[in-house]
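Student: I have a protein model open in front of me, and I would like to learn how to read it. Could we go through it together, one question at a time?

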Amino acid sequence: MTAPNELRLLPWSGPDGKPCYLSTDDWGGYVSRLADNIEAVQLGSAADLLGQSAETLDDQDATLEEMRCLAKELTGALRDILRVATSRGHLLAASEPGEPAY
């Protein structure tokens, strides 16, 4: 059985919002590559949203609805980025010196 610190936290949730993990020795496999691609999209989307949020917050005419929408989008992006950071942190901790983290 794989130790919990050797599992990769995937960038999507399972049923009922529960985390999904990958146990593999092939870090270049299909699911690993898919997870890498999704993480890259999530990071890029968060960077774009950060720029958009600065504009919205600077807009003196922004409505309450626009602010609520922004808060909802930022919350989702923060959740995604926290999952990516947690996953990558676990991978770094599980890798041995001289081995690729993923």
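Tutor: Gladly! Let's begin with a group of charged side chains: R8, D36, E39 and R88 are linked in a network of salt bridges. Keep in mind that this is a predicted model.

Student: How many salt bridges does the structure hold?

Tutor: A salt bridge needs a side-chain nitrogen of Lys or Arg within 4 Å of a carboxyl oxygen of Asp or Glu. R8 and D36 meet that cut-off, with N and O 2.7 Å apart. R8 also pairs with E39 at 3.2 Å, and R88 pairs with E39 at 3.2 Å. The total for the structure is 3.

Student: How many residues apart in sequence are the parts that R8 and D36 tie together?

Tutor: Start with the salt bridge between R8 and D36. R8 sits in strand 1, which covers residues 8-13, while D36 belongs to helix 1, so this pair ties together parts of the chain whose separation in sequence is 28 residues.

Student: And for R8 with E39, how many residues apart are the parts in sequence?

Tutor: Here R8 forms a salt bridge with E39. Since R8 lies in strand 1 and E39 in helix 1, the pair ties together parts with a sequence separation of 31 residues.

Student: Which helix holds R88, the partner of E39?

Tutor: The closest N and O atoms of R88 and E39 are 3.2 Å apart, which makes a salt bridge. This pair links distant parts of the chain, 49 residues apart: E39 is in helix 1, and R88 is in helix 2 (residues 64-94).

Student: Is R8 buried or exposed?

Tutor: Buried means under 20% relative accessible area. R8 has a relative accessibility of 1%, so R8 counts as buried.

Student: What do D36 and R88 count as?

Tutor: Partly exposed covers the range between the buried limit of 20% and the exposed limit of 50%. D36 has 24% relative accessibility, so D36 falls in that range. R88, at 26%, falls there too, which means that R88 also counts as partly exposed.

Student: Which residues does E39 touch, not counting residues up to four places away in sequence?

Tutor: E39 is a residue of helix 1, and with a relative accessible area of 1% it is buried. Its salt-bridge partners R8 and R88 are on the contact list. In full, E39 touches R8, L9, P11, V84, S87 and R88.

Student: Which residues of helix 1 are buried?

Tutor: We have already met one of them, E39, with 1% relative accessibility. Another is S53, at 5%. The buried residues of helix 1 are S32, A35, E39, Q42, A46, L49 and S53.

Student: Which residues is S53 in contact with, leaving aside its neighbours within four places in sequence?

Tutor: S53 has its place in helix 1. It counts as buried because its relative accessibility is 5%. Once those neighbours are set aside, the contacts of S53 are L70 and L74.

Student: How far apart are the end C-alpha atoms of helix 1?

Tutor: Helix 1 runs over residues 30-58, a stretch of 29 residues. At 1.5 Å a residue, the expected span is 42 Å. The model agrees with that, as the end C-alpha atoms are apart by 42 Å.

Student: Which residues form a nonpolar patch on the surface?

Tutor: One member is V31, which lies in helix 1. V31 has 33% relative accessibility, so V31 counts as partly exposed. Together, the patch members have about 280 Å² of accessible area, and they are Y30, V31 and L34.

Student: Is D16 buried or exposed?

Tutor: D16 lies in the loop between strand 1 and strand 2. Its phi is near 60°, a positive value in a residue other than glycine. Exposed means over 50% relative accessible area, and at 74% D16 counts as exposed.

Student: What pattern does the protein follow, read along the sequence?

Tutor: The protein has 2 helices and 2 strands. Read along the sequence, they give the pattern β-β-α-α.

Student: Where in the protein is confidence highest?

Tutor: The mean pLDDT of the protein is 85, and 85% of its residues reach 70 or more. Confidence is lowest in helix 2, with a mean of 89, and at a mean of 93 it is highest in helix 1.

How values were computed
Residues are numbered from 1 along each chain as its sequence is written. This is a predicted model: local features need pLDDT of at least 70, side-chain atom pairs count only at pLDDT 80 or more; totals for chains, interfaces and linings use all residues. Side-chain values use heavy atoms; hydrogens and water are left out. Helices (H or I, at least four residues) and strands (E, at least two) are DSSP runs, numbered from the N terminus. The expected span of a helix is 1.5 Å times one less than its number of residues. Buried means under 20% relative accessible area, exposed over 50%, partly exposed in between (1.4 Å probe, protein chains only). Contact means heavy atoms within 4.5 Å. pLDDT is the predictor's confidence in each residue, from 0 to 100. Patches are made of residues with over 30% relative accessible area and no salt bridge: like charges are joined within 9 Å, nonpolar side chains (Val, Leu, Ile, Met, Phe, Trp, Tyr) within 5 Å. Accessible areas come from the Shrake-Rupley method with a 1.4 Å probe; for residues, only the protein chains shown count as cover.
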